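Reader: Hey, can you walk me through this one? I'm new to this, so plain words please.

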Amino acid sequence: MHFELNEEQKEIKRAIKEFCEKEFTPELALELDEKEEFPMELYKKAAKLGFTSMRIPQEYDGQGYGLLEDCIVVEEMCRVDPGLGAAVSLGNLMIPDVLLKHGNEEQKKKYIPPLARGDTISAAAFSEPEHGSDITRMDTTAVKSGNEWVINGSKEFITNAPVADIFIVLCQTDPNATPSHRGQSIFLVEKGTPGLEATKLKRKMGIKPCITGSLALSDVKAPETSLVGELNKGFYYALELFDETRIAVAAQAVGMSQGAFERAFQYAKTRKQFGAPIIKFQGISFKLADMAIKIEAARMLTYKAAWLFDQGRLDPMATSMAKAFAGRVAMEVTDEAIQIYGGYGYLADYHVERFHRCAKITEIYEGTTEMQKLTIINRLMKTM
Amino acid sequence: MKEIFVLAEHRQGQIRDIAFEMLTKGKELAEKTNMDLTAVLLGKDVKKHAKTLSEYAKKVLLIEDAKLENFNSEAYQKVLSNLIKEHKPLLTMIGHTSFGVDLAPSLAVDLNLPLATDCIDLEFENEALIVTRQMYGGKVNVRAKVRKSKSYIVTVRQATFAAQKPTMNGEIIETPSPLSEEITEKRFIEYVLPPPGGVDITAADVLIGIGRGIKDENNMPMVEELAKAFGGVLACSRPIVDKGWLPSDRQVGTSGKTVKPKVYIALGISGAFQHVLGMKNSDLIIAVNKDPNAPIFSFADYGIVDDLFKVVPALKGKIYELKGQKA
Amino acid sequence: MDIIVCVKHVPETAEAEIKIDATGKAIEKTGLVFDINEWDDYALEEAVRIKEKFGGTVTAITVGPEDADSTLRKCLARGADKAIRLTDTRFEDSDGYAIAKILQSTIKSLPFDLILTGALAGDDGYTMVGPILAELLGISHATMVKKIELDDGVAKVNRELEGGLEEMVEVKMPMVLTVQTGINEPRYVSIMGIRKAMQKEIKVLGLADIGLSENDVGEAGSWIKIEKMFVPSVEKQAEFLKGTPEEVSAKIAEILRARGLI
């Protein structure tokens, strides 16, 4: 067993740390948390340095590293700021992954390099108002008409929808398929296509710089060439994608936990009550020790899941354990961080409340904690 | 009798303060160790300065040469090297200035003499030189022994020793220049003044000085608003100019301006000597810094150990409140 | 254009609390973060920019322990082509003079047109390595450089003087230039850069490899021997205002009003 990052991974960690500490300023974080705006300039800057395309192969202008290296970057971004970190780490969500696996060469060449370079933003439109965790049936339909498809329906909770240049849309292409998920397909739709309209969802609890939106599709025409992979395989492609993004979400959770922990730790060392720094009181110091234990455990689960994935031995149970545990740890650690700050922790200017608000999403998106537990128990039922 | 040399730095027709500061320290050392104090003046048309210097030293060694008109480390090195070989002074003092740091290290190698740079104190123990200098940006002092030698070279930090009034009536000794040919490896071309900005910080009554602690360009409006509230002007330490957040004519310190406002409010400035030298004579200094050990607190009249991002908005509010205006 | 950049791996102390260690001659290093010396960071950036404009190579050299590899890798990731680390226990306690000798004995056998380094190092602040190196190599130098224009064997450089003034001097190549901060804006390390850097080798040389003797380096080969390190005594201390930001602001406002400044 080997429990240490290699030299190259350490260099990656150092580079992203330096970038985030200089660029993800607390002031920008507060401003965009309030304005609910995507940090476009920051995203492009990070992309030009390769931080947003870790897993995209070099031939498509990416960096050609694995999921573990990606996790290192995502974790560090979210450590420095959970909102900016989430936004920047999700800028080219899913489209490169799905195209690399199932896209044709033309689609790959057209869409992946600009996403890798940060010139464009992607959005994956799977969830619908009536279908969140359960995507086995889609109300959004794509109907063949001549040599093109006509898409109608609506999508909800779509990350990046209002700022994206390119979308993948999961549609029911065979309404009569049984089970229904065998009749779903994924289409690429570009921004500006007539009938496509995105609306910004406002007043989210956290990760406010990461823009979420609804998507309305009304007679959106998609040419045959926009179909990704094979017809009626969309559901399976979507599930595969979650295997990767879930691990990245676990990394977000670890980063948010670490960031809140470090702030609370520094605060406890300097805040004096009853004539001593509060870290001298076991009520506080034991809390901090517990936080450190939990974060390290969450990190190990996350790195292990990422490592398995990079070895080509994807283990859905390891992935789900990492996401469920890291998400819970993030909630607990950020909560305790506020507690250590006391009254100040309740104020936005002291930042830890933002970590707590942001952390909650890691228990929800890319499969709720309950869905992860379902995966875990199903696997255990089969193997034990 | 052994000598102490002090190189009298001058620029654009003026002897620089550091020369008088070193002559003062040099006199003290000379008296303690029973040595002669000699000012060394190299240049073109500098006789009038020789007279001034003679009031501070036992002797003034004067060499006039058109090739010495402007500072050139190579020309100065040749001439000084000759003088040191000939006179064998126990100590040669050179300012730790932009000229000094260009000259002293290569001169020391040339003569194979030990050099101690940026000294803030000097003393002799039986002809062995002990220096005090700073490390880690002024956070610690070091007392160091200089390798035993018959002759030492030091560079002395500016504004460390207060120049005293002249008391002597020294002899001026002019000697011919040893430079026979033009220096071709290195050539002075011209002085360059950075383009003037719109604001003269030396004329302001209230200066808000900002430093590294500002952290991000996005925080500039916040401190600009505070300056506005005071009816004052923003000034800064070096890192702010390096980052391009303020033009170089706002820089306070050795490589910038020297200011003496009625009040200087230092925000996120640690207090490195390069900055402090430019503002320590302000009438009133108030410093805000997170680090209770920041050197700036040794120069400030009032100190606040806190996050400047919390103090600045509160202070702005209070100022407007006092003025009976809305922010 | 072959450029050599001399860099130093130093602890970041600007915002850290510093303690003197048990020897009384050095600071406590544990807990401090080490990185490339700030002035050298600008020198490296300038070297890479010159290479990008005129072609050639950039070689980064450091004298330091194995940990200094992280500074060298940063140089490689930011555009240096080669890196050399000079490491030997006998190099410890070297002052600027001894460091310059170690550098010179290595550099003299390398091809170069230009040597760049920081005007000073943020740890010891000697401000001497560059010009000593030049003198030992028998070439010209200019210190405190804020602008470099290269043209056919000569460089026109702006040197920073005091009081906001600069002087322009012309220096013939080969030469050593020591760089002042603010001369450029150093770039971030990119992932592409790290990938390239990891494929490059860091050459490690010791005392025996560079043809110096024990007496040339370390404390024996230095001009300066540190006897004692101490935190400077405070002659004057500010009166500290305590309280919430609102409370201290009210106090400041009152002090200023009392003096007729508001």
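Reader: So how many helices and strands does chain B have?

Author: Chain B has eight helices and 17 strands. Those are DSSP runs numbered from the N terminus: H or I over at least four residues for helices, E over at least two for strands. Keep in mind this is a predicted model, where local features need pLDDT of at least 70, side-chain atom pairs count only at pLDDT 80 or more, and totals for chains, interfaces and linings use all residues. Residues are numbered from 1 along each chain as its sequence is written, and chains are lettered from A and ligands numbered from 1 in the order in which they are written.

Reader: Ok, which domains does chain B get?

Author: Domain 1 (3-174) and domain 2 (201-323); such bounds come from an automatic or database domain assignment. Their C-alpha centres lie 34 Å apart.

Reader: And how many residues are in contact between them?

Author: Five residues of domain 1 of chain B are in contact with five of domain 2, meaning their C-beta atoms, placed from the backbone, lie within 7 Å.

Reader: Switching topic, what share of chain B is buried?

Author: Buried residues are 54% of its 327 residues. Buried means 20 or more other C-beta atoms within 10 Å of a residue's own, with C-beta atoms placed from the backbone.

Reader: What about chain C, how much is buried there?

Author: In chain C, 50% of the 262 residues are buried. Chain C has six helices and 13 strands, and its C-alpha atoms fill a box of roughly 65 × 45 × 40 Å along the principal axes.

Key: Buried ≥ 20, exposed ≤ 12 C-beta atoms within 10 Å, placed from the backbone. Contact = placed C-beta atoms within 7 Å.
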